[in-house]
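Got a minute to go through a fold together? Here's the model we'll be talking about.

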Amino acid sequence: MKFKRTHNKVQAAKTKFRRSSKWIKFRKHMKEKQRVCAVTGKPLGPTANLHHLCMDETQYENIEDETHFVFLSKTAHETVHWLWGKGNNDWRLRLKNLWRVLYRMEKINANNPEKSKNT
Ligand SMILES: [Zn+2]
């Protein structure tokens, strides 16, 4: 229970920071500078997220170094967090396995004219 309370406190502080004019101005600046999602290369929409590359929570409000941030589309952002997981290097295994699944799909569908469809 203590962990949960502390965790919620951290989340509340993050939410508060993201509502600050400092963050809103920084986010706008970064969006104008980057323009496209770092993963898909598509223009950033209203649901795009400015992702913190530094996962040290004590550095959450430190926006001194722009290279510690990257804009991602909503789906790319969720995928990055999913791949990163608990930060215990599982992302390499997940990415490798994901690549294998997609590679197999590509092979199986190589001669299928319907391959570009999402079915
Ligand atoms: Zn993020």
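What follows is a short back-and-forth on this structure.

User: Before we start, what kind of model is this, and how are residues numbered?

Analyst: This is a predicted model: local features need pLDDT of at least 70, side-chain atom pairs count only at pLDDT 80 or more, and totals for chains, interfaces and linings use all residues. Residues are numbered along each chain as its sequence is written, starting from 1.

User: In what order do the elements run from the N terminus?

Analyst: Elements here are DSSP runs, numbered from the N terminus: helices are H or I of at least four residues, strands E of at least two. The protein has 4 helices and 2 strands. From the N terminus on, the order is α-α-β-β-α-α.

User: How many of the 19 residues of α4 are buried?

Analyst: Buried means 20 or more other C-beta atoms within 10 Å of a residue's own, exposed means 12 or fewer, and partly exposed is in between, with C-beta atoms placed from the backbone. Helix α4 lies largely in the open, because its buried count is 0.

User: Which residues make up the largest nonpolar core?

Analyst: A nonpolar core is a set of buried Ala, Val, Leu, Ile, Met, Phe, Trp, Tyr and Cys residues joined through C-beta atoms within 7 Å. Buried residues make up just 7% of the 119 residues in the protein. The largest core has 6 residues: Cys-37, Leu-44, Ala-48, Leu-50, Phe-71 and Leu-72.

User: Leaving aside neighbours within four places in sequence, which residues is Cys-37 in contact with?

Analyst: Contact means that C-beta atoms, placed from the backbone, lie within 7 Å. With those sequence neighbours left out, the partners of Cys-37 are Lys-42, Leu-44, Ala-48, Phe-71, Leu-72, Ser-73 and Ala-76.

Technical notes
Two residues are in contact if their C-beta atoms, placed from the backbone, lie within 7 Å.
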